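Me: I'd like a close look at one part of this model, with the whole chain as background. Could you walk me through it?

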Amino acid sequence: MGVKGNAILGLITLAAFIGCGLMAQAQESQVDYDGFLGLTAEVSEYRASRLVNLDTFNEMKTDQNTIILDTRSADAFEMGHIDGAIHLNFSDFTDDKLAKIIPSRDTRILIYCNNNFTDNVAPVPVKRIELALNVPTFINLYGYGYQDIYELEGAYSLSDPKIAWVAGDTPFQTSQR
């Protein structure tokens, strides 16, 4: 291969490296870990002030401008959830999907997760405490602009009548476990 061929091969190689670099840069711009850490730090103190006990949770859920959001899997939701909850899988959070189920950012949102229950049975097996779903759910809702969020504090049995756990339209009974 002559000088001309080497120059062409060199240019093609250089273009490929530049192209790969641009592609890598474009991929990196889709994830902002430092931004997530900043959002998490911003939310930390706010979230701590938005933890509510079961009695307050139940009082709040009676308000017309309040929804209970269950972000567990669709299968887990179908197996059982707090009566009146609506479902959107956490991994499906987007601006559009959230707006469909929560059209106003002024809506009060109540959240809960598996770790709010002591039974450790399907559909609420206990997760590692530091990975409980209500924490990233809270952070993400806040990041999407929903700030009237309250999180159930504490852990309760599914059979506690104050929980109002249902499977489909059927109230929870001990024999369902």
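How many helices and strands does the secondary structure of the chain come to? And which residues are buried in H6?

Reply: Happy to. This is a predicted model, in which local features need pLDDT of at least 70 and side-chain atom pairs count only at pLDDT 80 or more, while totals for chains, interfaces and linings use all residues. Numbering starts from 1 along each chain as its sequence is written, and side-chain values use heavy atoms, leaving out hydrogens and water.

The chain has 6 helices and 8 strands (DSSP runs numbered from the N terminus: H or I of at least four residues for helices, E of at least two for strands). Starting at the N terminus, their order is α-α-β-α-β-α-β-β-α-β-α-β-β-β. Of the 177 residues, 32% are buried (under 20% relative accessible area, with a 1.4 Å probe and protein chains only). Among contacts (heavy atoms within 4.5 Å) with a separation of 6 or more, 69% link residues 24 or more positions apart.

Now to H6 itself. Its buried residues are Asn 134, Thr 137, Phe 138, Ile 139, Leu 141 and Tyr 142. They pack against helix H2 (33-48), E2, helix H5 (95-101), strand E5 (108-111) and E6. Just past the helix, Gly 145 has a positive phi of about 100°.

H6 also brings us to the largest pocket, which holds about 200 Å³ of space. A pocket here is an open set of points on a 1 Å grid over the protein atoms alone, where a 1.4 Å probe fits, with protein on both sides within 12 Å along at least five of seven lines; lining residues have an atom within 4 Å of a point. The volume is the space filled by probe spheres set on the points, which are joined across faces, edges and corners. Helix H6 (134-143) and strand E6 (149-152) are the elements that give two or more residues to this lining. There are 15 lining residues, and Asn 115, Asn 116, Ile 129, Ala 132 and Asn 134 lie nearest the centre. So Asn 134 appears twice in this picture, being buried in H6 and among the residues nearest the pocket centre. By type, the lining has 7 nonpolar, 4 polar and 4 charged residues.

Finally, a look at E2, one of the packing partners of H6. Thr 66 belongs to this strand, residues 66-70, and is buried at a relative accessible area of 10%. Beyond its neighbours within four places in sequence, Thr 66 contacts Met 60, Lys 61, Thr 107, Arg 108 and Leu 110. With Arg 108, the side chain of Thr 66 makes a polar contact of 3.3 Å (N or O atoms within 3.5 Å, one able to donate a hydrogen and the other to accept it).

Note on methods. Buried means under 20% relative accessible area, exposed over 50%, partly exposed in between (1.4 Å probe, protein chains only). Ala, Val, Leu, Ile, Met, Phe, Trp, Tyr, Cys and Pro count as nonpolar, Asp, Glu, Lys and Arg as charged, and the others, Gly among them, as polar.
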